[in-house]
Amino acid sequence: MRINDLLIKDAMIMDLKATDKSSAIDEMVQRLYDVGRITNIDQYKKDIWAREKQTTTGLGDGIAMPHAKNNAVKEATVLFAKSKKGVDYESLDGQPAYLFFMIAAPEGADDTHLQALAALSRQLVNQEFVEKLKKAETPEQVQEAFSQAEAQKAEEEKSEATTQTTQAAETSTKDRPFVVAVTACPTGIAHTYMAEDSLKQKAKELDIDIKVETNGSDGTKNRLTTSDIDRAAGVIIAADKNVEMNRFDGKHLISRPVSDGIRKPEELINKAIDNSAPVFHGNKNAGDSSEGSESSSDSIGQSIYKNLMNGVSHMLPFVVAGGIMIALSFMIDQFMGVPQDSLDQLGSYNQAAAYFGQIGHAAFDFMLPILAGFIAMSISDRPGLIVGFAAGALANQGGAGFLGALIGGFIAGYVIELLRKLLKGLPKSMDGIKTILFYPFLGLLITGFLMLLVNVPMKIINDALNNFLNGLSGTNAVLLGALLAGMMAIDLGGPVNKAAYVFATGTIAATVAEGGSIVMAAVMAGGMVPPLGIFVATRLFKNKFTKQENEAGLTNIVMGLSFVTEGAIPFAASDPLRAIPSFVIGSVVTGGLVGGFGIRLMAPHGGIFVALLLSRPILYLLFVLIGAIITGIVLGLLKKPVQE
C-alpha cells in the first residue's frame, strides 16, 4: 500500500484556521468525521489527547503528528493539514507547527496499513522533502511530493542493500564502530520509525554501523540478536514505553525518550560508542511481575531525581487546582466583607467563600499522600503506591509536612524493594498473593512504624521552616526571593529549576492563613523573566538575532506571561555563555523585589492568569517587567551582531 492510499485529498486542510493546539486538534478531528473516516469524535479525540499527555507529538521543525488507534476509526487515514500562521502546539523545540499529519488507525489495522504509516513517518525526517510540503498549495501537489519521495526511497533502499552486502564482505578488513538501538513509542505508528530513520541517517554520516530494532504497532521488527548485542560498542534506547532490557546486561547503555532519537541522534550515537554511557545491569529477578520500575542504567542522583519528579508531577494538579480554589475563597470573603473581629475566618466566613474553600481543601489535602505515593510507585511500581500514600498521610498527621512526605515516599519505595528480595524465595505459585497481601501489609507495617520515628525530627524542622516563612520579611525575604528566582533561570526547567519550584510549592500549605507564599511568588516571577527577556532583546536588538530567532522572540511573550520558562531554552542552548547570565541577572532582581515587598501568591502556576490571586498584582507585574527589561538589555549588549 502506498502512502497516498491513506493520504486522501478530501481530508486535507490546506489552510488550517486554528492558532492553538486544542483548536487545531478539534478542527482536524472534525474533518475526519466530516469525510466519514471516523464514527465518533469524542472517542477518537480521547485517545489523541491520551497520547499527547504522554509526550507532545509536536516533533519540532514545524511538524506535528497527532495519532491514535481505536475503534472509532473506520478506515486507516492520514489527514494532512497546513497552517500559514503557525500553531502553538507545545512542540519539543518550543516553535510553532506548520505541517500536521493526523494519523487515524483502526483497532485492527493490518500490517499493510501500519507499514504505510511507518513509511510516512520516515519521510518526515528528510528536510528537503519537508520543504516541498511547506511550498505545496494544493492536495494534488502534496500527493505528488509523496509519490516522488516514495520512488526515491525505493532507489535508496536498493542502493543501501548493495552497500550493506559490500560492507559485510569488508568487515574483516575494515573495523567500523557498531552500535545497536531500540526505538519505541506508546502507539508505535509514528515516532518509533522517525527515530529509527534519524539514527540511521546520522550513523551513515558519522561512518558508523548501526542496527535499529523497532517496537511498533506491527510488532518487533529487525530484532537484535545476541551476536548483534555482543558485537555492539554500546546500546541506545530511544523509547517512551518499556522494552526488553535484560538482554543488554553488561553493555554501555543510554536510555532517552523517543523524541531524542529523532532530534538528538548524533549525541546518542557518540555516547554509545565512547563508553561514556553507564553500564547497564539487568534484573536477575525479571520473572517477578511486580518488579520495580527503576533502571539500573541510572546513576543514584538520576534515580532520586526521576523518582522525586514522578511524585511532584502527580502532586502538582492537586496543588494548582486546590490552591486556586482556596485563594478564590479568600478573594470572595474580601469582596463580600468580613468583620474585623472575624478575620481569622477569612476564606470561610461567608457561605459562598466557604464552598470554594471546602472544595479547594478537598483537593489540596491530597497533596502529601499523592507526593509520597507516586515517589514510592516510581521506585517499586504498584506495590509501593499504597504504602507511599500511607506514608504521606502519616507525615501530614504527624506535622512532618512536605519534607516528611518526601522522605516517606522514598522509605516506602525502598521498603517494598527490600521485601522483594526477602520474599523472592517463595514459590512461583505465590506471586499473586505477594502482590495483594504480603507487599502491602508488611510494607505498611514497616513503613508506618518508621514514619512514627521520622515524624519527630521532621516536625521540628517543618515547624522551624514554617515559622521562618511566616515571619519572612526584610533582608531575609529579599535574599531568599533573589536566590530561588535565580535558580529558576539557571537551567530553565532542569534539576536546579525544579528544586526551586518544588521547594516553593511545599511552602504554600504553611502560608494559607497569611494569604499565600512569598517564596512561591518570587519563584514564579523568576521563571517568567527569561522568556520575557528574550522578547525584549529580540525587539530592541533585532540585528543581534537571526530572522528565525526574532520570530521566535514573539512567541516568548506568551510563554513568559504564562510562566513557561522553557520558552527560553533554544536561545540558551545556542548561546549559553551570554544568555544564561542575562536570564539569572534579571530573575535575581525580580525575585529580590518580590520578596522585599512581601508579595504573596497561593497558586503554584498560571503566570498572568492568576494575577488576581497575588496580594499586590500591579506591583508584581511591574517587577517582572523590570526583570525582563534588564535581561533583554544585558543579553542584547552581550551578543554580537549576526553576520549576513
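At what angle do the axes of helix α1 and helix α2 cross? In this predicted model, whose residues are numbered from 1 along each chain as its sequence is written, the axes of α1 (residues 21-34) and α2 (residues 41-54) cross at roughly 140 degrees and come within 10 Å. Local features need pLDDT of at least 70, side-chain atom pairs count only at pLDDT 80 or more, and totals for chains, interfaces and linings use all residues, while side-chain values use heavy atoms, with hydrogens and water left out.

**Helix packing**

The crossing angle makes α1 oblique to α2. Angles under 35 degrees count as roughly parallel, over 145 as roughly antiparallel, 65 to 115 as roughly perpendicular and the rest as oblique. Axes are lines fitted to C-alpha atoms, for helices over the stretch in contact, and angles run from 0 to 180 degrees between N-to-C directions. Helices (H or I, at least four residues) and strands (E, at least two) are DSSP runs, numbered from the N terminus. The crossing of α1 and α2 is right-handed; a crossing is right-handed if the near helix is turned clockwise from the far one by less than a right angle, and left-handed if anticlockwise.

A further helix pair is formed by α18 and α22 (residues 617-638), which pack at about 45 degrees with their axes 7 Å apart. That angle makes α18 oblique to α22, and α18 passes α22 in a right-handed crossing.

**Salt bridges**

Side chains of opposite charge can pair when their charged atoms come close. The whole structure holds 20 salt bridges, each defined as a side-chain nitrogen of Lys or Arg within 4 Å of a carboxyl oxygen of Asp or Glu. The table lists some of them.

| Salt bridge | N to O distance |
|---|---|
| Lys21 and Glu90 | 3.5 Å |
| Lys202 and Glu266 | 3.9 Å |
| Glu267 and Arg256 | 2.7 Å |

Lys21 forms its salt bridge with Glu90. The pair links distant parts of the chain, with Lys21 in helix α1 and Glu90 in the loop between β4 (77-87) and β5 (97-106), 69 residues apart. Lys21 is buried, with a relative accessible area of 4%, whereas Glu90 is exposed at 53%. Buried means under 20% relative accessible area, exposed over 50%, and partly exposed in between (1.4 Å probe, protein chains only). Glu90 also has a positive phi of about 55 degrees although it is not a glycine.

Lys202 and Glu266 meet in a salt bridge as well. This pair links distant parts of the chain, 64 residues apart, with Lys202 in helix α6 (residues 191-205) and Glu266 in helix α9 (residues 265-273). Lys202 counts as buried at 18% relative accessibility, and Glu266 is partly exposed at 37%.

Helix α9 takes part again through the salt bridge of Glu267 with Arg256. That pair links distant parts of the chain, 11 residues apart, with Arg256 in strand β10 (residues 253-256). Glu267 is partly exposed, with a relative accessible area of 32%. In addition, salt bridges that share partners join Arg176, Asp207, Asp209 and Arg231 into one network.

Asp207, a member of that network, lies in the loop between α6 and β7 (209-216). The residue is partly exposed at 37%. Its phi is near 60 degrees, a positive value in a residue other than glycine. Most residues other than glycine have a negative phi, and most peptide bonds are trans.

**A nonpolar surface patch and contacts across the chain**

Ile433, Ile436, Leu437, Phe441, Leu445, Ile446, Phe449, Leu450, Leu452 and Leu453 make a nonpolar surface patch of about 980 Å². Patches are made of residues with over 30% relative accessible area and no salt bridge; like charges are joined within 9 Å, and nonpolar side chains (Val, Leu, Ile, Met, Phe, Trp, Tyr) within 5 Å. Accessible areas come from the Shrake-Rupley method with a 1.4 Å probe; for residues, only the protein chains shown count as cover. Phe449 lies in helix α15 (residues 431-470) and counts as exposed at 57% relative accessibility.

Ile359, in helix α11 (residues 351-364), is exposed with a relative accessible area of 52%. The C-alpha atoms of Ile359 and Gly322, 37 residues apart along the chain, are separated by 7.3 Å.

Thr546 lies in the loop between α18 (518-540) and α19 (547-561) and counts as partly exposed at 32%. Its C-alpha atom is separated by 6.5 Å from that of Val642, 96 residues apart along the chain.
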